[in-house]
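Trainee: Could you take me through one part of this model up close? I'd like to look at how the helices pack.

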Amino acid sequence: MSERRDQILATAAGLFAQRGFHGVSIADLGAACGISGPALYKHFPGKEQILAEMLVGISEELLTEGRRRVAGAERPLDALVAWHVSFALEHPELIVVQDRDWSSLPDEAREQVRRLQRAYVEVWATELRAVRPQLDAREAKAVVHATFGLLNSTPHSALVGRDRMHDVLWRMGRAALLA
């Protein structure tokens, strides 16, 4: 991906988080990137495709990195929690956009994000069941989803320094998974 596309996606994430997808025009986004609104069309066919690439991209990153962390870890569940907490603390704007602007995604991108997210939950649920074999697959997935709710609270809960918040969320996330 080009540096300009990366810049557009990062800028769009911040603006969409602040004002909502529908509260940001192509002209607003172009101005924030230091280019004209129409110049954005050299990089993306439209605003919906920016949102789609943003949310599909983060879903792919979470799944790919989650699998990588599990493969190289002595304690895979701990590695997943640490990774997700770091991601959430570094990208709270993406969490806000995912939560608030989900319905603005084109149908095909929405289905792709869902598929990737289901696979990511499955990675977590598999590792959770390795530690808590008494859980059936549905309950393990429910626990994982509830834990994501806690870990993805960073846009609202990160009120202390990053390192301290990472520690707090890691301990709370792990405790939620093992409760």
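Mentor: Let's look at the helix packing, starting with one pair and working outward. Keep in mind that this is a predicted model, where local features need pLDDT of at least 70, side-chain atom pairs count only at pLDDT 80 or more, and totals for chains, interfaces and linings use all residues. Residues are numbered from 1 along each chain as its sequence is written, and side-chain values use heavy atoms, with hydrogens and water left out.

Start with helix α3 (residues 47–71) and helix α5 (residues 92–101), which pack at an angle of about 115° with their axes 11 Å apart. Helices here are DSSP runs (H or I, at least four residues; strands are E, at least two), numbered from the N terminus. The axes are lines fitted to C-alpha atoms over the stretch in contact, and angles run from 0 to 180 degrees between N-to-C directions. The crossing of α3 past α5 is left-handed, that is, the near helix is turned anticlockwise from the far one by less than a right angle. On the α3 side, the contact (heavy atoms within 4.5 Å) is made by Leu51, Met54, Leu55 and Ile58, and α5 brings in Leu94, Val97, Gln98 and Asp101. Sorted by type, the contact residues are six nonpolar, one polar and one charged. For that sorting, Ala, Val, Leu, Ile, Met, Phe, Trp, Tyr, Cys and Pro count as nonpolar, Asp, Glu, Lys and Arg as charged, and the others, Gly among them, as polar.

Stay on α3 for a moment and find Ser59, which sits in that helix. Ser59 has 4% relative accessibility, so it counts as buried; the cut-offs are under 20% relative accessible area for buried, over 50% for exposed and partly exposed in between, with a 1.4 Å probe and protein chains only. Leaving out residues up to four places away in sequence, Ser59 touches Val113, Leu116 and Gln117.

Now swing over to α1 (residues 3–19). Its buried residues include Ile8, Leu9, Leu15 and Phe16, and the cover over the buried residues of α1 includes α2 (26–33), α3 and α5. Just after α1, Gly20 has a positive phi of about 85°.

Last stop is α4 (residues 76–90). Here 13 of the 15 residues are buried, so α4 is largely enclosed by the rest of the structure.

Note on methods. Expected span 1.5 Å × (residues − 1).
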